[in-house]
Amino acid sequence: GDSSSVSSELSSGVIQIYSSRHAFAALKDDGSVVTWGDGSWGGDSSSVIDQLSSGVTQIFSSDRAFAALKDDGSVVTWGKQFYGADSSSVAEEISSGVNQIFSNDRAFAALKNDGSVVTWGGSEMGSGDGGDSSAVSNQLTSGVVYIYSTNEAFAALKDDGSVVTWGDDDEGGVSSSVSSDLSSGVNQIFSTTEAF
């Protein structure tokens, strides 16, 4: 819907506005969140409204979903199911200890305080768009300092200067052709929307 339905909630206290492709989420100074726009793309947060009433410190978006990071290190998600709104498969892992969230078009990656990474989202067909990091999960248990993304892939920079990639092969998810170059000594990664 349009913002008139939440206009009274937006009349004061808004400190930041975030967007998915067709919806908005406003973070207020009391840690609450107000959403509007296309309901199925994140404009309707009624299913998690209780969890968004306080404690939110930052909001992140994929193309059609949102993820809110709370001050207790937990994450709340809503929006379109296959774009990261459904985090039920990792609910326990993102209930605490999350330090930062990164996103691409279809998935989210949470960087935890212990340097590990938790991912979710992606298409119903299970294609590699970054939500499934199981192929490299043993490399994402510790030491990650930052995560970069293209439309459908992620690259994690580790504290030993190595890089771990996952997601769509054509978008940088597979780095086998340069794996020897990425095994150490990397201090920053740059990406276009298509590849690293």
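Here is a friendly exchange about this predicted model.

Visitor: What does the secondary structure of the protein come to?
Guide: Happy to start there. Read along the sequence, the pattern is β-β-β-β-β-β-β-β-β-β-β-β. The total for the protein is zero helices and 12 strands.

Visitor: Of the residues of the protein, what percentage count as buried?
Guide: For the surface, the protein has about 9200 Å² accessible, and 43% of that belongs to carbon and sulfur atoms. Turning to the residues, the protein has 196, and the share that counts as buried is 49%.

Visitor: How many salt bridges does a search of the whole structure find?
Guide: Let's go through the pairs. Asp 63 meets Arg 21 at 2.7 Å, N to O, and Asp 63 also forms a salt bridge with Arg 64, with the closest N and O atoms 3.4 Å apart. Arg 106 pairs with Glu 152, where the closest N and O atoms are 3.7 Å apart. The search of the whole structure gives a total of three.

Visitor: Is Asp 63 buried or exposed?
Guide: Its partner Arg 21 is exposed, with a relative accessible area of 53%. Asp 63 has a relative accessibility of 11%, and the cut-off for that class is under 20%. Asp 63 therefore counts as buried.

Visitor: Where in the chain are Arg 106 and Glu 152, and how many residues apart are they?
Guide: The two form a salt bridge, with the closest N and O atoms 3.7 Å apart. This pair links distant parts of the chain: Arg 106 is in the loop between strand 7 (98-103) and strand 8 (107-112), and Glu 152 is in the loop between strand 10 (144-149) and strand 11 (153-158). Their separation in sequence is 46 residues.

Visitor: Which side chain of opposite charge is nearest to Lys 70?
Guide: Lys 70 sits in strand 5 (residues 65-70). This lysine is buried yet has no salt bridge, and a salt bridge needs the nitrogen and the carboxyl oxygen within 4 Å. The nearest side chain of opposite charge is 5.6 Å away, and it belongs to Asp 72.

Visitor: Which backbone oxygen does the side chain of Lys 70 reach?
Guide: A good follow-up! Not counting residues up to four places away in sequence, Lys 70 touches Gln 51, Ser 54, Gly 55, Val 56, Thr 57 and Val 76. Its side chain reaches a backbone oxygen at 3.1 Å, that of Ser 54.

Visitor: How far apart in space are Tyr 18 and Ile 59, C-alpha to C-alpha?
Guide: Tyr 18 lies in strand 1 and is buried, with a relative accessible area of 17%. Leaving aside neighbours within four places in sequence, its contacts include Gln 58, Ile 59 and Phe 66. Tyr 18 and Ile 59 are 41 residues apart in sequence, and their C-alpha to C-alpha distance is 6.8 Å.

Visitor: What accessible area do Val 14, Ile 17 and Phe 24 have together?
Guide: Ile 17 lies in strand 1 (residues 14-19) and is partly exposed, with a relative accessible area of 47%. Val 14, Ile 17 and Phe 24 form a nonpolar patch on the surface, and together their accessible area is about 240 Å².

Visitor: Is Asp 170 buried or exposed?
Guide: Asp 170 is in the segment after strand 12 (163-167), and lies 8.9 Å from Glu 152, C-alpha to C-alpha. With a relative accessible area of 70%, Asp 170 is exposed.

Methods: Residues are numbered from 1 along each chain as its sequence is written. This is a predicted model: local features need pLDDT of at least 70, side-chain atom pairs count only at pLDDT 80 or more; totals for chains, interfaces and linings use all residues. Side-chain values use heavy atoms; hydrogens and water are left out. Patches are made of residues with over 30% relative accessible area and no salt bridge: like charges are joined within 9 Å, nonpolar side chains (Val, Leu, Ile, Met, Phe, Trp, Tyr) within 5 Å. Accessible areas come from the Shrake-Rupley method with a 1.4 Å probe; for residues, only the protein chains shown count as cover. Helices (H or I, at least four residues) and strands (E, at least two) are DSSP runs, numbered from the N terminus. Buried means under 20% relative accessible area, exposed over 50%, partly exposed in between (1.4 Å probe, protein chains only). Lys and Arg count as positive and Asp and Glu as negative; His and the chain ends are not counted. A polar contact is a pair of N or O atoms within 3.5 Å; within protein, one must be able to donate a hydrogen and the other to accept it, and residues adjacent in sequence count only if both atoms are side-chain atoms. Contact means heavy atoms within 4.5 Å.
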